[in-house]
Amino acid sequence: MKRVILFGAPGAGKGTQADMLEEKYGYKKISTGDLIRAEVAAKTHVGLEVKAIMEAGELVPDKTIIEILKKRLNQNDIVRANGYIMDGFPRTRPQAEELSRMEVDHEMAIYLNIVDEDVVVKRLMSRLTCSNCGAIFNVENNPPQKAGQCDFCAGPLRQRADDNEETIRKRIRVYRQQTQPVIDYYREKGLLHEIDASGSVEDIGEKLGQVMR
Ligand code: ADP
Ligand code: ZN
């Protein structure tokens, strides 16, 4: 079992690139953001508890997210896969420590780095997400073939509740404070590959491909 961890600020392109890696290598993508949004949409006990936190751009409690992740990791499609890609986890030091207790044969971490904050704010403001299958588009640089409609499942495209400027800036602050130290932790362990993620989707995909070889 191989584990690929994608790091990067909100808007760095983790979700988009994880989708591509899933298709190219057959590894399963695990997005903790998607898992949380599914709980919120289904109005589960946990979903009701974390809705406001998520919409404010803050992190849900470690205990909650770890529980949700463990449940997902135990599902058959993951257990049987050659590997999985983490999009959005770990985001705090305790999460990283928890993950390192779940051992795998191979592990690598890839940091999609963007220096200019305005680039990610712009990307997130123009992001559209399929409310049916979760596919990600961007009106500016990765538009769907038909406006407002998912290329893959024809589901309706929506703007995420937390993709407004105020919440985006908040998420970036939280990322700097809580997640940057986690990236340093993987760098110190010698597991980190760094990529400049300011270019196009294809451009970043190309660089990722080189790192994955
Ligand atoms: P982005 O990376 O674009 O900010 P995500 O879809 O990865 O968005 O996550 C959306 C929200 O879900 C986060 O702002 C946070 O509230 C919650 N979330 C996702 N992953 C985690 C995590 N590992 N720990 C705590 N909260 C999380
Ligand atoms: Zn779709």
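In this predicted model, the side chains of Asp 77 and Lys 28 meet in a salt bridge, with N and O 3.7 Å apart. Asp 77 belongs to helix H5 (residues 76–79) and Lys 28 to strand E2 (residues 28–31), so the bridge ties together parts that are 49 residues apart in sequence. Neither end is classed as buried. Asp 77 is partly exposed at 31% relative accessibility. Lys 28 is partly exposed too, at 25%.

## Salt bridges

The whole structure holds 23 salt bridges. Three of them are set out here.

| Pair | Closest N to O distance |
|---|---|
| Asp 77 and Lys 28 | 3.7 Å |
| Arg 37 and Asp 34 | 2.9 Å |
| Asp 163 and Arg 171 | 3.1 Å |

The second pair sits within one helix. Arg 37 and Asp 34 are three residues apart in helix H2 (residues 32–41), so about one helical turn separates them. Asp 34 is partly exposed, at 29% relative accessibility.

What of the third pair: are Asp 163 and Arg 171 buried or exposed? Both are buried. Salt bridges with shared partners also build a network: Glu 117, Asp 118, Glu 165, Arg 169 and Arg 176 are joined into one.

## The ligand site

Ligand 1 has 18 residues around it. The nearest are Thr 32, Arg 37, Glu 58, Gly 88 and Gln 95. Arg 37 thus appears twice in this account: it comes among the nearest residues to ligand 1, and it forms the salt bridge with Asp 34.

Which element supplies the largest share of the shell around ligand 1? H2 does, with three residues. By class, the shell divides into six nonpolar, four polar and eight charged residues.

Polar atoms of the protein approach the ligand at several points. A polar side-chain atom of Gln 95 lies 2.9 Å from a nitrogen atom of ligand 1. The backbone takes part as well: a polar backbone atom of Val 60 is 3.2 Å from a ligand nitrogen. On the oxygen side, an N or O atom in the side chain of Arg 160 is 3.1 Å from an oxygen atom of ligand 1. Taken alone, ligand 1 exposes 550 Å². The protein buries 97% of that area.

## The three-stranded sheet

Three strands form an open sheet in the order E6-E5-E7, with antiparallel pairing. The edges are strand E6 (136–138) and strand E7 (157–158), each of which pairs on one side only. Strands of a sheet pair through backbone hydrogen bonds, either parallel or antiparallel.

Strand E5 (residues 127–130) pairs with E6 over three bridges, in the antiparallel sense. Across this pairing, Arg 127 stands opposite Asn 138 in E6. E5 and E6 also form a hairpin, with five residues between them. Gly 134 lies in the turn and has a positive phi of about 85°.

On the E7 side, two bridges join E5 to E7, and the two strands run antiparallel. Here Cys 130 stands opposite Leu 157 in E7.

How are the faces of E5 covered? In a regular strand the side chains alternate between the two faces of the sheet. Arg 127 and Thr 129 are on one side of E5, and Leu 128 and Cys 130 are on the other. All four are buried, and both faces of E5 are covered.

## Asn 138

Asn 138 lies in strand E6. With 6% relative accessibility, Asn 138 counts as buried. The cut-off for buried is under 20%.

The side chain of Asn 138 has two polar contacts to report. One, of 3.0 Å, joins it to the side chain of Ser 126. In the other, a polar atom of the Asn 138 side chain lies 3.3 Å from the backbone nitrogen of Asn 141.

## Ala 42

Ala 42 is placed in the loop between H2 and helix H3 (45–55). At 55% relative accessibility, Ala 42 counts as exposed. The cut-off for exposed is over 50%. Ala 42 and Ala 135 are 93 residues apart along the chain, and 18 Å separates their C-alpha atoms.

How values were computed: Residues numbered from 1 in each chain as written. Chains lettered and ligands numbered in written order. Predicted model: local features only at pLDDT ≥ 70, side-chain atom pairs only at ≥ 80, totals over all residues. Heavy atoms only, no water. Salt bridge = Lys/Arg side-chain N within 4 Å of Asp/Glu carboxyl O. Buried < 20%, exposed > 50% of the residue type's maximum accessible area, 1.4 Å probe, protein only. Pairing = 2+ DSSP bridges. Near = heavy atom within 4 Å. Polar contact = N/O pair within 3.5 Å; in protein donor to acceptor, adjacent residues only side chain to side chain. Areas by Shrake-Rupley, 256 points an atom, 1.4 Å probe, with all protein chains shown as cover. Nonpolar A, V, L, I, M, F, W, Y, C, P; charged D, E, K, R; others polar.
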